[in-house]
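The following exercises concern a single protein chain. Each poses a task and then works through a solution step by step.

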Amino acid sequence: LLPPTPGIRITQSDGAVYISWGQMQDEDVTVKISRSEPGTKPVLAGTAEGGSDFFIDKNVSKGKLYFYQLSSVNKNNKEGALSEKVGIRLQ
């Protein structure tokens, strides 16, 4: 069983969303970042390799509300549960 991804923090800067989380214990774990908008299914916004604790999502539009969730994937491609959903409206 994979450990849950530590808590998500999101901020915005220069038309992008900066997603950060606590340091993962296992360097072999990849973090998947999923993004959704109200009423839509989550899509993969990107991944961060083990040891990284942030991702910058530049594929966003001002004025829209986005929700982000994280999951961890081990080297055997087994994915853990999704984290809590955190939202931000891009200014």
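The model is predicted, and every value below is computed from it.

**Exercise 1. The open sheet**

Task: Determine the order in which the 4 strands of the open sheet are arranged, and identify which strands stand at the edges.

Solution.
Step 1. The open sheet has the strand order 4-3-6-7, and its pairing is antiparallel.
Step 2. Strand 4 and strand 7 each have a single partner strand, so one side of each is left without a neighbour in the sheet; these two stand at the edges.
Step 3. From one strand to the next, the twist averages 30°.

**Exercise 2. Strand 3 and its partners**

Task: State how many bridges join strand 3 to strand 6 and how many join strand 3 to strand 4, and give examples of the residue pairs.

Solution.
Step 1. Strand 3 (residues 30–36) and strand 6 (residues 65–73) run antiparallel and are joined by 7 bridges. Among the pairs, K32 has S71 as its bridge partner in strand 6, and R35 has Y68.
Step 2. Strand 3 and strand 4 (residues 43–48) also run antiparallel, with 5 bridges between them. One of the pairs joins S34 to L44 in strand 4.
Step 3. Strand 3 and strand 4 form a hairpin in which 6 residues lie between the strands. In the turn, G39 has a positive phi of about 80°.
Step 4. As for solvent cover, 6 of the 7 residues of strand 3 are buried.

**Exercise 3. Contacts of E79**

Task: Which side chains meet that of E79, one through a polar contact and one through a salt bridge?

Solution.
Step 1. The side chain of S71 makes a polar contact with the side chain of E79 at 2.6 Å. S71 belongs to strand 6.
Step 2. A relative accessibility under 20% means buried. S71, at 0%, therefore counts as buried.
Step 3. K32 forms a salt bridge with E79, with the closest N and O atoms 3.1 Å apart. Because K32 lies in strand 3 and E79 in the loop between strand 6 and strand 7, the pair ties together parts that are 47 residues apart in sequence.
Step 4. Both charged residues are partly exposed: K32 has 24% relative accessibility, and E79 has a relative accessible area of 40%.
Step 5. K32 has S71 as its bridge partner in strand 6, and E79 contacts the side chain of S71 as well as forming the salt bridge with K32.

**Exercise 4. Further salt bridges**

Task: Give the count of salt bridges, then describe the one made by K75 and the one made by E37.

Solution.
Step 1. The count comes to 4 salt bridges.
Step 2. The side chains of K75 and D28 meet in one of them, with an N to O distance of 4.0 Å. K75 lies in the loop between strand 6 and strand 7 and D28 in the loop between strand 2 and strand 3, so the pair ties together parts 47 residues apart in sequence.
Step 3. K75 is exposed at 66%, whereas D28 is partly exposed at 43%.
Step 4. The side chains of E37 and K64 meet in another salt bridge, at 3.8 Å from N to O. This pair links distant parts of the chain, 27 residues apart: E37 is in the loop between strand 3 and strand 4, and K64 in the loop between strand 5 and strand 6.
Step 5. E37, at 29% relative accessibility, is partly exposed; K64 is partly exposed too, with 36%.

**Exercise 5. Positive phi outside glycine**

Task: Locate D14 and N77, and decide whether each is buried or exposed.

Solution.
Step 1. Most residues other than glycine have a negative phi.
Step 2. D14 is not a glycine, yet its phi is positive, at about 50°. D14 is found in the loop between strand 1 (8–13) and strand 2 (16–21).
Step 3. N77, likewise not a glycine, has a positive phi of about 65°. N77 lies in the loop between strand 6 and strand 7 (86–89).
Step 4. Exposed means over 50% relative accessible area. D14 is therefore exposed, at 78%, and N77 is exposed at 64%.

**Exercise 6. A nonpolar surface patch**

Task: Which residues form the nonpolar patch on the surface?

Solution.
Step 1. The patch consists of Y18, F54 and I56, which together have about 250 Å² of accessible area.
Step 2. I56 is located in strand 5 (residues 54–57) and counts as partly exposed at 39% relative accessibility.

Methods. Residues are numbered from 1 along each chain as its sequence is written. This is a predicted model: local features need pLDDT of at least 70, side-chain atom pairs count only at pLDDT 80 or more; totals for chains, interfaces and linings use all residues. Side-chain values use heavy atoms; hydrogens and water are left out. Buried means under 20% relative accessible area, exposed over 50%, partly exposed in between (1.4 Å probe, protein chains only). Two strands pair if DSSP finds at least two bridges between them. A polar contact is a pair of N or O atoms within 3.5 Å; within protein, one must be able to donate a hydrogen and the other to accept it, and residues adjacent in sequence count only if both atoms are side-chain atoms. Patches are made of residues with over 30% relative accessible area and no salt bridge: like charges are joined within 9 Å, nonpolar side chains (Val, Leu, Ile, Met, Phe, Trp, Tyr) within 5 Å. Accessible areas come from the Shrake-Rupley method with a 1.4 Å probe; for residues, only the protein chains shown count as cover. Axes are lines fitted to C-alpha atoms, for helices over the stretch in contact, and angles run from 0 to 180 degrees between N-to-C directions.
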